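Me: I should like to understand how the terms used for this structure are justified. May I put some questions to you, one term after another?

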Amino acid sequence: KMSTSTSNAHINANPSALLMTLPSYNASAKYRLLWGEAPKTCKAVCASLPMTSVCFHGRNSGDEALTITPSPILGVPQDNSENVTTEHKMGDLYFGLEEAGKSYGGCSPGESASELCWFYGPAGLAQYWVSQHGPPHTEPPFVRETARLNCFATLVEETNFYDSCRKTQRKGETEIII
């Protein structure tokens, strides 16, 4: 179940924070948006809100949880102008675009997809599989590559959010509202 509102006119154009909730766990996390460091990412993500999706454990990435946005968020640079990093840590919220054919499998095989991800523990690093032969990444051997993600928000407070995300390792996906 993934949906997004058809009218976002009532939402503040530049909100200072983003609230993520996991209703089935009565869990939430509030993140402060980093408009100064990642303005295009903040704008693009906020324009896609509110959204309801599912979050799940990042199977290649340790203590990572993520949600795929209902529609890909395109046109956001993943470079230093948007606070890109390959060092992922607990307490930060990241945006990533996975273009079709960029990796083996991936979050939406054969299609471009964007994700929001966060780390619920200290042992996490977002990674994906690529072929040593290059695109379209269908031929073995495969190696892991660290994802370049835009850090666009930092944790202000959380209630049972990280512990609930940890449960997705064994219990699968759960609804998330942002």
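Me: Which residues does Ser 81 touch, not counting residues up to four places away in sequence?

Reply: The model is a predicted one, and in this model Ser 81 touches Glu 37 and Pro 39. Ser 81 itself is found in the loop between strand E5 (62–68) and strand E6 (84–85). The C-alpha atoms of Ser 81 and Thr 41 are separated by 9.9 Å, and these two residues are 40 residues apart along the chain.

Me: Why does Ser 81 count as partly exposed?

Reply: Its relative accessibility is 42%. Buried requires under 20% and exposed over 50%, with partly exposed in between; Ser 81, at 42%, therefore counts as partly exposed.

Me: What makes the link between the side chains of Ser 81 and Asp 79 a polar contact?

Reply: The distance given for this contact is 2.5 Å. The cut-off for such a pair of N or O atoms is within 3.5 Å, and the contact joining Ser 81 and Asp 79 at 2.5 Å meets that limit.

Me: How do you know that Asp 92 forms a salt bridge with Lys 89?

Reply: The closest N and O atoms of Asp 92 and Lys 89 are 3.8 Å apart. A salt bridge needs these atoms within 4 Å, so the pair at 3.8 Å qualifies. Asp 92 has 9% relative accessibility and therefore counts as buried, the limit being under 20%.

Me: The structure holds 2 salt bridges. What makes Asp 163 and Arg 166 a salt bridge, and how are they placed in helix H2?

Reply: Their closest N and O atoms are 2.9 Å apart, which satisfies the limit of within 4 Å. The two residues are 3 residues apart in helix H2, so about one helical turn separates them. Asp 163 counts as partly exposed because its relative accessibility is 46%. Arg 166 is likewise partly exposed, with a relative accessible area of 34%.

Me: Why is the pair of Tyr 94 and Phe 119 called edge-to-face?

Reply: The structure holds 3 aromatic pairs. In the pair of Tyr 94 and Phe 119, the ring centres are 5.8 Å apart and the planes stand at 75°. Centres must lie within 6.5 Å, and planes over 60 degrees apart count as edge-to-face; the pair is therefore edge-to-face. Tyr 94 lies in strand E7 and Phe 119 in strand E8, so the pair ties together parts that are 25 residues apart in sequence. Both residues are buried.

Me: Why, then, is the pair of Phe 161 and Tyr 162 called tilted?

Reply: The ring centres of Phe 161 and Tyr 162 are 6.1 Å apart and their planes are at 55°. Stacked requires under 30 degrees and edge-to-face over 60, so this pair, at 55°, is tilted. Phe 161 and Tyr 162 are buried, and ring pairs link them with Trp 118 into a cluster.

Me: What makes E2 and E3 a pair of strands, and how do they run?

Reply: E2 and E3 are joined by 6 bridges and run antiparallel. At least two bridges are needed for strands to pair, so these strands meet the requirement. Within the pairing, Leu 18 stands opposite Tyr 31 in E3.

Me: How do you know that E3 also pairs with E11?

Reply: There are 5 bridges between E3 and E11, which run antiparallel; the requirement of at least two is thus met. Leu 33 stands opposite Ala 153 in E11.

Definitions and conventions
Residues are numbered from 1 along each chain as its sequence is written. This is a predicted model: local features need pLDDT of at least 70, side-chain atom pairs count only at pLDDT 80 or more; totals for chains, interfaces and linings use all residues. Side-chain values use heavy atoms; hydrogens and water are left out. A salt bridge is a side-chain nitrogen of Lys or Arg within 4 Å of a carboxyl oxygen of Asp or Glu. Buried means under 20% relative accessible area, exposed over 50%, partly exposed in between (1.4 Å probe, protein chains only). Helices (H or I, at least four residues) and strands (E, at least two) are DSSP runs, numbered from the N terminus. Contact means heavy atoms within 4.5 Å. A polar contact is a pair of N or O atoms within 3.5 Å; within protein, one must be able to donate a hydrogen and the other to accept it, and residues adjacent in sequence count only if both atoms are side-chain atoms. Rings of Phe, Tyr and Trp (its six-membered ring) pair if their centres lie within 6.5 Å; planes under 30 degrees apart count as stacked, over 60 as edge-to-face and the rest as tilted.
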